[in-house]
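This briefing introduces one protein structure to a reader who has not met it before. Please view the sequence and the structure below before reading on.

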Amino acid sequence: MPEARLVPNEITYNAAISACSKGGQWQLALHLLSLMPEARLVPNEITYNAAISACEKGGQWQLALSLLSQMPEARVVPNEITYSAGISACEKSGHWQMALNLLSLMPDVTLLPNQITYSAAISACEKGSQWQPALNFLSLMPKVRMVPEEITYNAAISACEKGGQWQLALNLLSLMPDARLVPNEISYSAAISACERGTVISNLH
């Protein structure tokens with residue numbers, strides 16, 4: 001029997017790039033993306049999202065933003081997943097200003113931030129010791145019908161801790177049960193650390 005020739009298509013490349021993303025292989029993901037035009041294949045939003053996510057997981061925030069900026073030229077429309085991955089890439093690399101800038105651009109392209117986007121933005125604020133925008137985003141979430149999770153509160157508490165705002169950190173901790181959330185070790189550790197910074201550890205007793 002003649003040997004069957006299998007030609008990869010967009011779905012094949014998307015699956016391979018997604019696998020690279022999950023495995024943290026950002027170089028291989030970008031290499032596969034670069035091969036698609038040679039195979040006369042057009043990357044779509046799934047392709048770009050997977051590649052940006054691979055860069056995010058690999059700590060390559062500049063490459064992630066570069067891919068995001070290339071999408072309009074390639075006539076591919078970014079979606080919430082694209083921006084969330086870009087914001088998360090900036091957050092993990094400690095570039096909170098860039099993360100918040102991406103968040104501010106979403107309404108310009110008629111996109112609404114989702115729970116993942118807000119959580120990534122709050123985490124970016126936490127890494128930059130920016131407690132005020134962190135609390136602002138946290139307060140915005142219920143107004144747009146989003147329920148903050150434990151990780152969101154933990155990031156906000158940690159932002160207050162790094163900003164020396166122990167009262168606000170304790171207030172957030174006390175609000176978690178009202179939001180049907182159970183504080184965990186990270187929540188308490190961040191709150192205790194905030195009190196240590198404010199030399200008011202006795203207030204916990």
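**Two domains and their interface**

Between domain 1 and domain 2, the count of residue pairs in polar contact (both at pLDDT 80 or more) is zero; a polar contact is a pair of N or O atoms within 3.5 Å, where within protein one must be able to donate a hydrogen and the other to accept it, and residues adjacent in sequence count only if both atoms are side-chain atoms. This is a predicted model, in which local features need pLDDT of at least 70 and side-chain atom pairs count only at pLDDT 80 or more, while totals for chains, interfaces and linings use all residues. Residues are numbered from 1 along each chain as its sequence is written, and side-chain values use heavy atoms, with hydrogens and water left out.

**Domain layout**

- Domain 1 covers 1-113 and domain 2 covers 129-204, with bounds from an automatic or database domain assignment.
- The centres of the two domains, taken over C-alpha atoms, are 32 Å apart.

**Interface**

- Four residues of domain 1 contact four residues of domain 2 (heavy atoms within 4.5 Å).
- The side of domain 1 that touches domain 2 has four nonpolar residues, no polar and no charged ones; Ala, Val, Leu, Ile, Met, Phe, Trp, Tyr, Cys and Pro count as nonpolar, Asp, Glu, Lys and Arg as charged, and the others, Gly among them, as polar.

**Repeats**

- The unreviewed UniProt entry places "repeat: PPR" at residues 9-43, 44-78, 79-113 and 149-183; such annotations may be inferred rather than shown by experiment.
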